[in-house]
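Open the model in your viewer and keep the selection tool ready. This tour goes stop by stop: what to select, then what is there.

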Amino acid sequence: MTAWNISHPYRGNAAFVNVKGAILNPRTGNRAPFEFECMVDTGFFSGLYYEESLRSDAKIIGVDPFPTTIRLADGKEVPAYSCVAYVEEINGFKLTPPGLKTTLFMRGRRMGYLGREVLQSCVTLFDGPNQILKMRF
Amino acid sequence: MKLQTEMPLDQSASNGAYWKYTEEAITKLRTPHSPIDIDTKFTEFKFDKLSQTSFFQHNHYTFYGSLKPYFPDKIKKIINKSRTRKLSEKEATSLMKGIAKLSIEFYGLEEGKFVAIGFDGRIYDVADTPLDLLSKIQGRKFRTQIFVWNVGSNVFSGWKT
């Protein structure tokens, strides 16, 4: 049986992972690294979602995130900022360089979310009775 | 002398108006002080009507000097507000929705595409997926602020209920 790359217990009733990555400026090669904890949410259609504070980090390397609108879980349509980011490490497991390319949305001061765009690159097991999240890339 | 009324106009040509100078007209046109010098061998003037479609396609998705939609007063008002103060979430959302709707109708974009629209109403890039679009435009400088949109939807992404 193939081993799981990531095995992490739930917190509360939800699965959380620690994500390390970076926003990259493709024209200059400069990177703005980030690290935050996020909830694994299969209802989120994009890749990553985090606080608007990342926007200033992106601007330092010449990446100006683009405004847009997104729909929250309660159906509300709100403005947010978007850009491309690379997920390099999840819970200590390093992904093949340069990492997983995904969309990153930034809004307000919120908890992070990890969505389908990242999950479709791996096998994910939500073991509810044992309260463990397992991922295999 | 008004050429349009006095010249015989042949409208049978499929490309548009077809003007033909008669010898009498040429004599009248060529006076000692006339600035017009007509070559009598080439007496037929034909011009093709520029169809709206051909002109539109020529300027489709160009960056500078292309046609752009006209903004109604409601949108102009919000844009003017944004110059003096920060917009509320509701104002920002309604501005992007309004501009996107006008641009998409003006350029005739198909549903399912992801577009980068300027706050001037012009389309700056198009792609099939959100990731492709953001990859294309990330790090680029634009003459105006850009926002990204999903044609056929009110939102770019998120929790789609």
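How many salt bridges does the rule find across the interface of chain A and chain B? Two. Bear in mind that this is a predicted model.

**Stop 1: the salt bridge at the interface**

Select A:Arg107 and B:Glu89. Their side chains meet in a salt bridge, with N to O at 2.7 Å. Now show polar contacts between the chains. Between chain A and chain B, 15 residue pairs are in polar contact, with both residues at pLDDT 80 or more.

Which elements of chain A give two or more residues to the side that touches chain B? Colour β2 (16-24), β5 (66-71), β6 (77-90) and β8 (100-106) of chain A to see them. By class, this side of chain A has 18 nonpolar, 10 polar and eight charged residues.

**Stop 2: the whole interface**

Select the contact residues on both sides. You should have 36 residues of chain A in contact with 29 residues of chain B. The area buried between the two chains is about 2,800 Å². Carbon and sulfur atoms give 61% of that area.

Next, pick A:Phe66, A:Thr69 and A:Arg71. These three supply 25% of the area that chain A buries against chain B. No other three residues supply more.

**Stop 3: strands that pair between chains**

Stay with β5(A) and add strand β6 of chain B, residues 157-158. In which sense do β5(A) and β6(B) pair, parallel or antiparallel? They pair in the parallel sense, over two bridges. Click A:Ile70: its bridge partner in β6(B) is B:Ser157.

**Stop 4: β2 of chain A and its partners**

Hide chain B. Select β2(A) and β3(A). These strands pair in the antiparallel sense over nine bridges. They form a hairpin with six residues between them. In the turn, A:Gly29 has a positive phi of about 85°. Along the pairing, A:Val17 stands opposite A:Cys38 in β3(A).

Now add β6(A). β2(A) pairs with β6(A) too, in the antiparallel sense, over five bridges. Find A:Ala22 and look across to A:Tyr86, its bridge partner in β6(A).

**Stop 5: a salt bridge between β3 and β6**

Over all chains, a search of the whole structure finds 14 salt bridges. For one of them, select A:Arg31 and A:Glu88. Their closest N and O atoms are 2.7 Å apart. The pair links distant parts of the chain: A:Arg31 is in strand β3 of chain A and A:Glu88 in strand β6, 57 residues apart.

**Stop 6: two rings**

The aromatic pairs number 16 over all chains. Show A:Phe44 and A:Phe105 as sticks. Why is this pair edge-to-face? The ring planes stand at 75°, so the pair is edge-to-face, and the centres are 6.4 Å apart. This pair also links distant parts of the chain, 61 residues apart. A:Phe44 sits in the loop between β3 (31-40) and β4 (48-50) of chain A, and A:Phe105 in strand β8.

**Stop 7: backbone details in two loops**

Go to the loop between β6 and β7 of chain A and select A:Asn91. A:Asn91 has a positive phi of about 50°, although it is not a glycine.

Move on to the loop between β7 (93-94) and β8 of chain A, where A:Pro98 lies. Check the peptide bond from A:Pro97 to A:Pro98: cis or trans? This bond is cis, with omega near 5°.

Terms used
Residues are numbered from 1 along each chain as its sequence is written. Chains are lettered from A and ligands numbered from 1 in the order in which they are written. This is a predicted model: local features need pLDDT of at least 70, side-chain atom pairs count only at pLDDT 80 or more; totals for chains, interfaces and linings use all residues. Side-chain values use heavy atoms; hydrogens and water are left out. Contact means heavy atoms within 4.5 Å. Buried area is the accessible area (1.4 Å probe) that two parts lose on being put together, summed over both. A salt bridge is a side-chain nitrogen of Lys or Arg within 4 Å of a carboxyl oxygen of Asp or Glu. A polar contact is a pair of N or O atoms within 3.5 Å; within protein, one must be able to donate a hydrogen and the other to accept it, and residues adjacent in sequence count only if both atoms are side-chain atoms. Helices (H or I, at least four residues) and strands (E, at least two) are DSSP runs, numbered from the N terminus. Ala, Val, Leu, Ile, Met, Phe, Trp, Tyr, Cys and Pro count as nonpolar, Asp, Glu, Lys and Arg as charged, and the others, Gly among them, as polar. Two strands pair if DSSP finds at least two bridges between them. Rings of Phe, Tyr and Trp (its six-membered ring) pair if their centres lie within 6.5 Å; planes under 30 degrees apart count as stacked, over 60 as edge-to-face and the rest as tilted.
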